[in-house]
Amino acid sequence: MLTSIHPLGERARQNRWAITATAYVIGAVGAGAAAGAALGWLGTLLPGGDWRWAAAVLAVGAAGLLDLARIQPPGLKRQVNEDWIGNYRGWVYGGGFGAQLGVGISTFVVTWGTWATWMLALLSGGATAGAVIGAVFGFGRSIFPLAAGWIDRPSRLTTFSQRLAAMAAPVARITAVGFIVVALAAGVGRVM
């Protein structure tokens, strides 16, 4: 679906890619920050203590293990509404798609890392820390349209789509292992 947000597609719809991509990034970062802030604030209602650190480390490590085991995470089974592309200006669907994907759980959830991120925001100890976690998550979710910025002709779109498909499984494994390594490092670092 999001392979349609690139300079070639935007030019065909008489939109400017830079505006659509900027709206996408703003939507993703803003919605991620808002969701993270809300979870961080909710987390202030939980009791304090070292259990928060242990729960955060456990959440990140479990996310990596569950992703490596290819256990599908819970979540909605919907994508962003592709009809927006033909009905709205680029900045509207760019911002709307970005906001939905920046929250992470409002569209198809493909990794347990999404849930681990929101657990980290909840356990962060405050709205500000939660907002930072959410904003970073939202920015990470906004990289895809930015990576498509070089697609200005059909052959590049084909190449991009093929590379994206070829990279999906290796990137998923590397990310899962990364979660495990981070959890182990954080756990060991806390003990030492």
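This is a short talk that walks through one protein chain, from its overall build to a handful of single residues.

Hi everyone, and thanks for coming. Before anything else, please keep in mind that what you see is a predicted model.

Let's begin with the whole chain. What is it built from? The protein chain has nine helices and zero strands. If you read from the N terminus, the order of elements is simply α-α-α-α-α-α-α-α-α. The radius of gyration is 18 Å, close to the 16 Å that the globule rule gives for 192 residues, so the chain is as compact as a globular protein of that length. If you would like dimensions, the C-alpha trace spans about 55 × 35 × 30 Å along its principal axes.

Now for the inside and the outside. Of the 192 residues, 38% count as buried. The accessible surface of the chain is about 10300 Å², and carbon and sulfur atoms account for 70% of that. As for charge, there are 14 positive and 6 negative side chains, and the centres of these two sets are 4 Å apart.

How do the parts of the chain meet? Take the contacts between residues at least 6 apart in sequence: 77% of them join residues at least 24 apart.

Let's zoom in on one residue, Ser 142. Where does Ser 142 sit? You will find Ser 142 in the loop between α7, residues 127-141, and α8, residues 143-147. Is Ser 142 buried or exposed? Its relative accessibility is 0%, and buried means under 20%, so Ser 142 counts as buried. Which residues does Ser 142 touch, once we leave aside its neighbours within four places in sequence? The answer is Tyr 24, Val 25 and Ala 28. There is also a polar atom of the Ser 142 side chain that lies 2.7 Å from the backbone oxygen of Phe 139.

Next come two residues with something to say about backbone angles. As background, most residues other than glycine have a negative phi. Gln 14 has a positive phi, near 60°, and is a residue other than glycine. Gln 14 is placed in the loop between α1, residues 7-12, and α2, residues 17-43. With a relative accessibility of 74%, Gln 14 counts as exposed.

Arg 70 is the second one. Arg 70 is not a glycine, yet its phi is positive, at about 60°. Look for Arg 70 in the loop between α3, residues 51-68, and α4, residues 83-87. Arg 70 is exposed, with a relative accessible area of 67%. How far is Arg 70 from Ala 28, C-alpha to C-alpha? These residues are 42 apart along the chain, and their C-alpha atoms are separated by 26 Å. You have met Ala 28 already, as one of the residues in contact with Ser 142.

The loop between α3 and α4 also holds Glu 82. Glu 82 is exposed, with a relative accessible area of 54%. Count eleven residues along the chain between Glu 82 and Tyr 93, and you find their C-alpha atoms separated by 8.9 Å.

Let's finish in helix α9, which covers residues 154-191. Ala 172 lies in this helix, and Ala 172 is partly exposed, with a relative accessible area of 44%. Ala 172 and Ser 161 are eleven residues apart in sequence, and 17 Å lies between their C-alpha atoms.

Val 188 is found in helix α9 as well. Val 188 is partly exposed, with a relative accessible area of 45%. From Val 188 to Thr 175 is 13 residues along the chain, and the C-alpha atoms of this pair are separated by 20 Å.

To recap, we have a predicted model with nine helices and zero strands. If you pick a single residue to look up afterwards, try Ser 142, which counts as buried and sits in the loop between α7 and α8. Thanks for listening!

Key: Residues numbered from 1 in each chain as written. Predicted model: local features only at pLDDT ≥ 70, side-chain atom pairs only at ≥ 80, totals over all residues. Heavy atoms only, no water. Helix = DSSP H or I, 4+ residues; strand = E, 2+ residues; numbered from the N terminus. Buried < 20%, exposed > 50% of the residue type's maximum accessible area, 1.4 Å probe, protein only. Polar contact = N/O pair within 3.5 Å; in protein donor to acceptor, adjacent residues only side chain to side chain. Contact = heavy atoms within 4.5 Å. Rg over C-alpha atoms; globule rule 2.2 N^0.38 Å. Areas by Shrake-Rupley, 256 points an atom, 1.4 Å probe, with all protein chains shown as cover. Lys, Arg positive; Asp, Glu negative; His and termini not counted. Charge placed at Lys NZ, Arg CZ, Asp CG, Glu CD.
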